[in-house]
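Visitor: I'm new to this structure and would like to learn how to read it. Could you take me through it one feature at a time?

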Amino acid sequence: MESQPKWREDFPINWEEDQAITRREFTKFLAFTSCGFFLGTGGTAVWEWAHRREPAGTVVVPIAQRDEVPVGGVKVFRYPTANDPCILIRLAPAQLVAYSQTCTHLSCPVHYEAERRQIRCPCHEGYFAVEDGRVLAGPPRRPLPRIVLSIRGAEIWAMEVKQG
Amino acid sequence: MEMTFFIDPSRCIGCQACVQACAECDTHRGQSMIHLEYVDRAASPQTAPVVCMHCEDPPCARVCPADAIKQTKEGIVQSADRTRCIGCLNCVLACPVGVPRYIARIDQMMKCDMCSDRTSIGKKPMCATVCPSEALFYGPREEIEKRRRERPINTLIFGRQVVKTKVQLMVAPHIEALDFDVAIFIHQHK
């Protein structure tokens, strides 16, 4: 078999080179891949459960000065560990709220939009209510974890994380 | 030891044993893949068994538009894959030896596959096991060279088409290749 046209590679005369997929092979492929996905996600869930983070206990830290954040202003802080960015928002002179800055969808940082009074995740257009962190729109399913605040003298303290 | 299929039409006695043996095979359900042809029926009782010559570059597979005819690495050209064959008869027309047959009942081509179910596990093809005159012989080349005057060749010439085959044809010792000029046969019959 000397020179063969290019299309012959897809339809070879030689049996070994024939790449036809039978119905049985295709069914096998479907069954094995779906089993693979099932075991993979199951394994990930078990791993996550085994390595779940213990609640940080009651870490109480000062996060800002009382008059540091103006009305409509935002301050980013880290609580309860240095790996957990949070945002502190002053909605009114006497109304302060704080939430985890990690979007509950795919962990993008969320931002406060003062004119709409909503917290927005720009990655997939997720919106959270600024009053209580509940989901208003977009792909997130769980509300933003809320940071319980306390005002002690001239300082604002973070008391604990409340999962929504 | 490498086993080869040898055909010697001059030894054929027309007993039909090969045809019957072939039809007994379960892989093609009673359909014989051998054609026992009369060479010139009006003038002679001479017959010749026609099995697939298993061309090195099989024209039947080359012309198949449905990709249904495959050649194994041993060089055996298989019968049409029944999930692919569309019964177009391209192979029937293309084969210079006239081996593939269109079976209208099942709308499929069927042809001799040198009993690949048997030969792949070291058995002889059905026809070669029953041929009483060894017109169909399956065995080592040394054996047949020792026992016959004829020599095996595997080059057939059909006009401009030169076909090299896996199956060997026993011919007179001085012949290198068999040159079939179809036009001569047509002229003779006129």
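Guide: Happy to. Keep in mind that this is a predicted model. Let's begin with A:S107, which is exposed, with 12 other C-beta atoms within 10 Å. A residue counts as exposed if that number is 12 or fewer, so A:S107 falls in that class.

Visitor: What is the sign of phi at A:S107?

Guide: First the general idea: most residues other than glycine have a negative phi, and most peptide bonds are trans. A:S107 has a positive phi of about 65 degrees, although it is not a glycine. You'll find A:S107 in the loop between β4 (95-100) and β5 of chain A.

Visitor: Which residue in the loop between β5 and β6 of chain A should I look at next?

Guide: Try A:R117, which sits in that loop. Its phi is positive too, near 50 degrees, and A:R117 is not glycine either. A:R117 has 13 C-beta neighbours inside 10 Å, so it counts as partly exposed.

Visitor: You also mentioned peptide bonds. Where is there a cis one?

Guide: Look between A:Y79 and A:P80: a cis peptide bond joins them, with omega about 0 degrees. A:P80 lies in the loop between β2 (74-78) and β3 (85-92) of chain A.

Visitor: Back to the strands of chain A. How do β5 and β6 pair?

Guide: Strand β5 (residues 111-113) pairs with β6 of chain A in the antiparallel sense, over three bridges. To find one, start at A:Y112, whose bridge partner in β6(A) is A:I119. The two strands form a hairpin with four residues between them, and A:R117 is in the turn.

Visitor: And what does β6(A) do with β7 of chain A?

Guide: Again the pairing is antiparallel, here over four bridges, with β7 covering residues 126-129. A:Q118 has A:A129 as its bridge partner in β7(A). β6(A) and β7(A) also form a hairpin with four residues between them, and A:E125 in that turn has a positive phi of about 55 degrees.

Visitor: Which residues of β6(A) are on the covered face, and which on the uncovered one?

Guide: A:I119 and A:C121 make up the covered face, while A:Q118 and A:R120 are on the uncovered one.

Visitor: Let's move to chain B. How many helices and strands does it have?

Guide: Seven helices and nine strands. Of its 190 residues, 32% count as buried.

Visitor: What is the strand order in the open sheet of five strands?

Guide: Read it as β6-β1-β8-β7-β9 of chain B, with mixed pairing. β6 and β9 (178-180) are the edge strands, each pairing on one side only. On average, neighbouring strands are turned by 45 degrees against each other, direction ignored. Inside the sheet, β7 (residues 151-158) and β8(B) pair in the antiparallel sense over seven bridges. One place to spot this is B:L156, whose bridge partner in β8(B) is B:V163.

Visitor: How do I read a nonpolar core?

Guide: In soluble globular proteins, nonpolar side chains tend to be buried together. Here the largest nonpolar core has 45 residues, and B:I7, B:C18 and B:I69 are among those with the most contacts inside it. Elements giving two or more residues to this core include β1 (3-7), α1 (17-23) and β8 (161-171) of chain B. Apart from it lies another core of 18 residues, among them A:I87 and A:F128.

Visitor: Which residues is B:I69 in contact with, beyond its neighbours within four places in sequence?

Guide: Among them are B:P58, B:C60, B:V77 and B:C91.

Notes. Residues numbered from 1 in each chain as written. Chains lettered and ligands numbered in written order. Predicted model: local features only at pLDDT ≥ 70, side-chain atom pairs only at ≥ 80, totals over all residues. Core = buried A, V, L, I, M, F, W, Y, C linked by C-beta atoms within 7 Å. Buried ≥ 20, exposed ≤ 12 C-beta atoms within 10 Å, placed from the backbone. Contact = placed C-beta atoms within 7 Å. Pairing = 2+ DSSP bridges. Axes fitted to C-alpha atoms, helices over the stretch in contact; angles between N-to-C directions.
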